[in-house]
Every structure is written in structure tokens, then in C-alpha cells.
Amino acid sequence: MFRLLNWRYKTISNNDLFINEQIRDKEVRVIGVNNEQLGVMSIQDARKLADEAGVDLVKIAPNAKPPVCRIVDYGKFKYEQLRKEKEARKKQKTVEIKEIRLSPNIDTNDLNTKVNAAKKFLEKGNRVKVTLRFRGREMAHMGASVHILTDFAEALNDVAVIDKQPKVEGRSMTMFLTEKK
């Protein structure tokens, strides 16, 4: 649902804020240009104050009783909101899950190489999923291979803790490690 408004307003979609004539409430709580509380007043009085200031009336809290409107330049308000969202995304840290695959007949040197790779992942703040994959006749000796995952976790016990204990899932056994805090 799109509506075309005056030259001063842009096309409004459903997810945008209500501004000026779009606000249909009888009474609203008004916040002034300098963030001062102007109190609860009729929508006509609030629009008149916004027009006198030469800016827009923006409904910022539609679910409040009564709804909260702010007298502010709408374009500047939207720009600042976008900038704050961008800043928040920049500061946000995403944790990735890195997977290390092992086989039941892995040699100690190969295991040490995988341990060093896992240590690097953990130092970067990622979680590590250690997967022990079984093929063919190795499926008959799954229980005897649990020690490989426990040895792997012991080799990393100075930098990591076991997040999820070893668990059999189909043809593989998985364990999750996270960085020690």
C-alpha cells in the first residue's frame, strides 16, 4: 500500500513511521525539538507546533498510551536512525562455527596439526565443531574411537572448554568446543 503525499513528504510504505497528517490519534504525548516534554495534547495542537517550528510531527511510539510523537525534521531523523543501526551492526560480533574433520585411524602428528588449526579458530573467537567420521567397518568400532575426541579436547584444555559432549549422529561423532573465558 503506497500513497503519494505532498512535496514535503515521501512515499510511505507499511514499515515506515507515521508523520504529520498520517497520524490519526486524538491525543498524543509530544516531545519538542530540544527533547523537552511538552505533555499530552490534541493532534491539531501538536501539528500546529510542528508547523510553527518548520519541521515534522513523527509518531515514534505508536503502542504507548497515549502514543508518543516527536517534533523533528523527518529526513534528519531517518538519517540518524540508519546511522545508529549501521554503527550497531559494525560493533556486533558474529560467532562462526568452524569444522575440523577427523578419522578413527588418525596418527598423532596429524592430530596435532588439527589441534593447532582448532587453536587458531578458537583464538579468533569462533566455535569449533570436531567431527569424527566413520566409513565401512569403522562403524563397528565407534565406541573405541571416543578417546580420539577426548584426546583432542585435552590437547586444547588450556584454551577451550567442551560446549557439547561427543554425540553419535549417523556415521559421525561430533563434539563442540568454545573458547575459555
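# A guided tour, starting at K59

Begin by selecting K59, a residue that is buried, with a relative accessible area of 10%. The model on screen is a predicted one, and the stops below move through it residue by residue and strand by strand.

**The partner of K59.** With K59 still highlighted, add D25 to the selection, since the two form a salt bridge whose closest N and O atoms are 2.7 Å apart. D25 lies in the segment before β1 while K59 belongs to strand β3, so the pair ties together parts that are 34 residues apart in sequence. Is D25 buried, exposed or partly exposed? D25 counts as partly exposed, at a relative accessible area of 23%, whereas its partner K59 is buried. This pair is one of four salt bridges that the structure holds, and others appear further along the tour.

**Residues with notable backbone angles.** Stay in the segment before β1, which spans residues 27-31, and select N20. Although N20 is not a glycine, its phi is positive, at about 45°, and N20 is buried, with a relative accessible area of 3%. Next move past β1 to the loop that leads to β2 (37-42), where N35 is found. N35, too, is a residue other than glycine with a positive phi, here near 60°.

Now go on to the loop between β3 (56-61) and β4 (68-72), and select P66 there. Which residue is joined to P66 by a cis peptide bond? That residue is K65, and the omega of the bond is about -10°.

**The open sheet.** Colour the strands β5, β6, β7 and β8 so that they can be followed together. These four strands form an open sheet in the order β5-β6-β8-β7, with mixed pairing. The strands at the edges are β5 (97-102) and β7, each with a single partner strand, so one side of each is left without a neighbour in the sheet. From one strand to the next, the twist averages 20°.

To look at one pairing in detail, show β5 and β6, which run parallel and are joined by six bridges. Within this pairing, select L102 and look across to β6, where L132 stands opposite.

**Helices across the sheet.** Turn on the helices α3 and α4 while keeping the four strands in view. Helix α3 lies across β5, β6, β7 and β8 (172-179), and α3 runs at about 175° to β5. Helix α4, made of residues 146-155, likewise lies across β5, β6, β7 and β8, but for this helix the angle given is to β8, at about 10°.

**Around N126.** Follow α3 (108-123) to the loop that connects it to β6 (127-133), and select N126 in that loop. N126 counts as buried, at 10% relative accessibility. Where does the side chain of N126 reach at 3.5 Å? The side chain of N126 reaches the backbone nitrogen of E96 at that distance. Beyond its neighbours within four places in sequence, N126 is in contact with V95, E96, K98 and F121.

Two of the residues in that list are themselves a pair worth displaying, as E96 forms a salt bridge with K98, the closest N and O atoms being 3.6 Å apart. E96 is partly exposed, with a relative accessibility of 43%, and K98 is also partly exposed, at 26%.

**A salt bridge between β7 and β6.** Now select D163 and R127, which form a salt bridge with the closest N and O atoms 2.7 Å apart. D163 lies in strand β7 and R127 in strand β6, so the pair ties together parts that are 36 residues apart in sequence. Both residues can be viewed with the surface switched on, D163 being partly exposed at a relative accessible area of 41% and R127 counting as partly exposed at 22% relative accessibility.

**The last stop, K167.** Remain in strand β7, which covers residues 160-169, and select K167. K167 is exposed, with a relative accessible area of 52%. Which residues are in contact with K167, leaving aside its neighbours within four places in sequence? They are S172, M173 and T174. Finally, add K91 to the view and draw a line between the two C-alpha atoms: K167 and K91 are 76 residues apart along the chain, and these atoms are separated by 34 Å.

Notes. Residues are numbered from 1 along each chain as its sequence is written. This is a predicted model: local features need pLDDT of at least 70, side-chain atom pairs count only at pLDDT 80 or more; totals for chains, interfaces and linings use all residues. Side-chain values use heavy atoms; hydrogens and water are left out. Helices (H or I, at least four residues) and strands (E, at least two) are DSSP runs, numbered from the N terminus. Buried means under 20% relative accessible area, exposed over 50%, partly exposed in between (1.4 Å probe, protein chains only). Contact means heavy atoms within 4.5 Å. A polar contact is a pair of N or O atoms within 3.5 Å; within protein, one must be able to donate a hydrogen and the other to accept it, and residues adjacent in sequence count only if both atoms are side-chain atoms. Two strands pair if DSSP finds at least two bridges between them. Axes are lines fitted to C-alpha atoms, for helices over the stretch in contact, and angles run from 0 to 180 degrees between N-to-C directions. A salt bridge is a side-chain nitrogen of Lys or Arg within 4 Å of a carboxyl oxygen of Asp or Glu.
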